[in-house]
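Here are a few short exercises to help you find your way around a new structure. Try each one yourself before reading the solution.

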Amino acid sequence: MAEKFDPAAHDKHADHPRDALLADREMHEKLDAGLEGSFPASDPVSAARPAKSKSDGDRENESLWDKVLSVFR
């Protein structure tokens, strides 16, 4: 039987399907291991790191005007 015609061009930069499948399995294994390690916790496991937050600095000694201005920064 003749092969089906595939009009899509070959993407030379695409990952090999087998390599992509292995990477996907590895990511799922890491997530499962993290989930098992934190089972009774209420927060779900994340594969990505959260962005660093801006530090609040010395909020207790700020004047009201400084607090108002910080809203617009």
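**Exercise 1.** About how many Å² does the chain expose, and what share of it do carbon and sulfur atoms supply?

*Solution.* Keep in mind that this is a predicted model. The exposed area comes to about 7800 Å². Carbon and sulfur atoms supply 56% of that area. Next, look at burial: of the 73 residues in the chain, 0% count as buried.

**Exercise 2.** Work out how many helices and strands the chain has.

*Solution.* Going through the secondary structure, you get 2 helices and 0 strands. Helix H1 spans residues 17-37, and helix H2 covers residues 64-71.

**Exercise 3.** Find the salt bridge and say which residues form it.

*Solution.* Start with the count, which is 1 salt bridge. The partners are Glu26 and Lys30, with their closest N and O atoms 3.5 Å apart. That pair qualifies because the cut-off is 4 Å. Now place them: both sit in helix H1, 4 residues apart, or about one turn of the helix. Finally, check their accessibility. Glu26 has a relative accessible area of 43%, so it's partly exposed, while Lys30 has 55% and is exposed.

**Exercise 4.** Is Leu69 buried or partly exposed, and which surface patch does Leu69 help make?

*Solution.* First, take the relative accessibility of Leu69, which is 31%. Buried would mean under 20% and exposed over 50%, so a value in between counts as partly exposed. Leu69 therefore is partly exposed. Second, locate Leu69: you'll find it in helix H2. Third, pick out the patch: Leu69 joins Leu64, Trp65, Val68, Val71 and Phe72 in a nonpolar surface patch of about 700 Å².

Conventions: Residues are numbered from 1 along each chain as its sequence is written. This is a predicted model: local features need pLDDT of at least 70, side-chain atom pairs count only at pLDDT 80 or more; totals for chains, interfaces and linings use all residues. Side-chain values use heavy atoms; hydrogens and water are left out. Patches are made of residues with over 30% relative accessible area and no salt bridge: like charges are joined within 9 Å, nonpolar side chains (Val, Leu, Ile, Met, Phe, Trp, Tyr) within 5 Å. Accessible areas come from the Shrake-Rupley method with a 1.4 Å probe; for residues, only the protein chains shown count as cover. A salt bridge is a side-chain nitrogen of Lys or Arg within 4 Å of a carboxyl oxygen of Asp or Glu. Buried means under 20% relative accessible area, exposed over 50%, partly exposed in between (1.4 Å probe, protein chains only).
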